Amino acid sequence: MGKKPISKKQIKTINLNFPENLDNYAVVDASIFDVYTGAIKKETAVLIEGKKISTVCPQVNLPQNVKKISCPGCTILPGLIDVHVHTEDWHGPLFLAMGVTTVRDVGCELEAVLSRRTWWNSEGTLAPHLLCTGPVLDCPGNTWPATTQIVKSPEDARAQVNYLVQRGVDQIKTYAFLDRPCFEAILSQAQIHGKFVLSHLGKNVDARQAIEAGVNEIEHLSGVSEAMWWEQNQSSQTWDWIKLWAYIDKERMNRLIDLILEKDIWMAVTRIVWLRLASTWDTSLKNHPQMKYIPGALREYWEKRFPRSIEKTKVPDKMPLPNRIDRSQQVAGMSIFTSELIRNGAKILVGSDTPFPYLMPGFSFHDEIKALLDCGMSESEVIKAATLYAAEALEIDHVTGSIVEGKRADFIIVDGNPIDDIQALQKIKMVVKEGYGYKPESLLEYAIGVTQRVEQKRKKRFDSIY
């Protein structure tokens, strides 16, 4: 794909009926989704000047001489934000094609992701805006060495936070094998730098302990079953978190949810990754039409690392092998907990964990939206979670996340009203990144070529990365 911004000539071939050198234009004859109120505003126009939203006003108030792009029957929404991905270069056009204009990389080799952030954030690159944590911080035992920085003491942990901050990462992420002294050292050092911390928790630090220590966000509902059933977690020699999800006690659950609400914790539940892991036996995943966008090396890795027989799946040391029943009960318990989070108004985020098994850049973000709806979230709330709330968690809500004057011109135009029918969110007429408009079908066509080039040039093995 080449780490240079796409040229003006290449952009022109993908733009949706945009004249060359069009800097100022208005989108008219469409409705706007107001993420603050959850309401659909009709007969409201969006005026773009350069890379920013200049005006949001009644259509009749537009200047007479401005170029107008008419989109009758459509809804304008902020660009979508995937808060949990592990990026590769070839992901860019796929995310953009599905309306995802910003992503947060939450675990990648440092030099690679810093380079990609510079590239993707350059003008005209066919990829979403990128924020990153760099590598995850963890103690020995971690199963993803290429995306992890191992720490061996609290002093080492603080030094690594200092280094990541000095290198310019946006936020800090901790991982599942940290012991409590190292975990608390990372949090305290990050707080000194004013850095937001998100965590994939484990046996040694559960969700309650992490929240009390000051974590800002929890991924995957990790550490939750361990916190609800802390006695079993602490007394067991093995990490039994999957089996613990089979036991739902309303009183224990509510106590933990009360703490999540009290401390205002962001919850990136990533339901879709657990649904995929619980159904690796399903051959329709392997044969899905979206697989044409996935490099063959990654497809081979998925089949090797996550075989159809769950009992053959590799797991970390001291964690019992899961079977289909365990996975099924895990997903059921997580569904109940997620529904209670939603019922009580917890701060839910939308993340896909791309490219974990059978998770596609962009496409799986919409699968996660559907999975949250299945847990009781309303259409309005899930769109807020995918836009405004994500921008707040990523600390960029002053730049994006809503259709507001002065913010970056990142938005999508969809056919229909997604509040009435969430499927409209995938009927994208145009994706706009910093004022440039792109046709999703052209981006998808371009993405196939990118995948083919990855097939020809890739040198690293996927299992050395993931």
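**Overall architecture and a six-stranded open sheet**

Of the 466 residues in the chain, 60% are buried. The model is a predicted one, and its secondary structure comprises 18 helices and 20 strands. The C-alpha trace spans about 70 × 50 × 45 Å along the principal axes of the chain. The radius of gyration is 22 Å, which agrees with the value near 23 Å for a compact globule of 466 residues. Among contacts between residues at least 6 apart in sequence, 71% join residues at least 24 apart.

The surface was examined next. About 18,700 Å² of the chain is exposed, and 49% of this area is supplied by carbon and sulfur atoms. The chain carries 56 positive and 57 negative charges, and the mean positions of the two sets lie 6 Å apart.

Six strands form an open sheet with mixed pairing, in the order 3-2-7-18-19-20. Its edges are strand 3 (40–41) and strand 20 (436–438), each of which pairs on one side only.

Within this sheet, strand 7 covers residues 74–78. Strand 2 (residues 31–33) pairs with strand 7 in the parallel sense, over two bridges. Ile32 has Ile76 in strand 7 as its bridge partner. The pairing of strand 7 with strand 18 (residues 411–415) is instead antiparallel and extends over five bridges. Here Cys74 stands opposite Asp415 of strand 18.

The burial of strand 7 was then considered together with the directions of its side chains. In a regular strand, side chains alternate between the two faces of the sheet. In strand 7, Cys74, Ile76 and Pro78 point one way, whereas Thr75 and Leu77 point the other way, and all are buried. Because five of the five residues of strand 7 fall under the 20% limit of relative accessible area that defines burial, the strand is largely enclosed by the rest of the structure. Ile76, the bridge partner of Ile32, is thus among the buried residues of strand 7, as is Cys74, which stands opposite Asp415.

Towards the other end of the strand order, strand 19 (residues 428–433) pairs with strand 20 in the antiparallel sense over three bridges. Val431 has Tyr438 in strand 20 as its bridge partner. Strand 20 is one of the two edge strands of the sheet, and the mixed character of the pairing is illustrated by the parallel pair of strands 2 and 7 and the antiparallel pair of strands 19 and 20.

Methods: Residues numbered from 1 in each chain as written. Predicted model: local features only at pLDDT ≥ 70, side-chain atom pairs only at ≥ 80, totals over all residues. Heavy atoms only, no water. Pairing = 2+ DSSP bridges. Helix = DSSP H or I, 4+ residues; strand = E, 2+ residues; numbered from the N terminus. Rg over C-alpha atoms; globule rule 2.2 N^0.38 Å. Buried < 20%, exposed > 50% of the residue type's maximum accessible area, 1.4 Å probe, protein only. Contact = heavy atoms within 4.5 Å. Areas by Shrake-Rupley, 256 points an atom, 1.4 Å probe, with all protein chains shown as cover. Lys, Arg positive; Asp, Glu negative; His and termini not counted. Charge placed at Lys NZ, Arg CZ, Asp CG, Glu CD.
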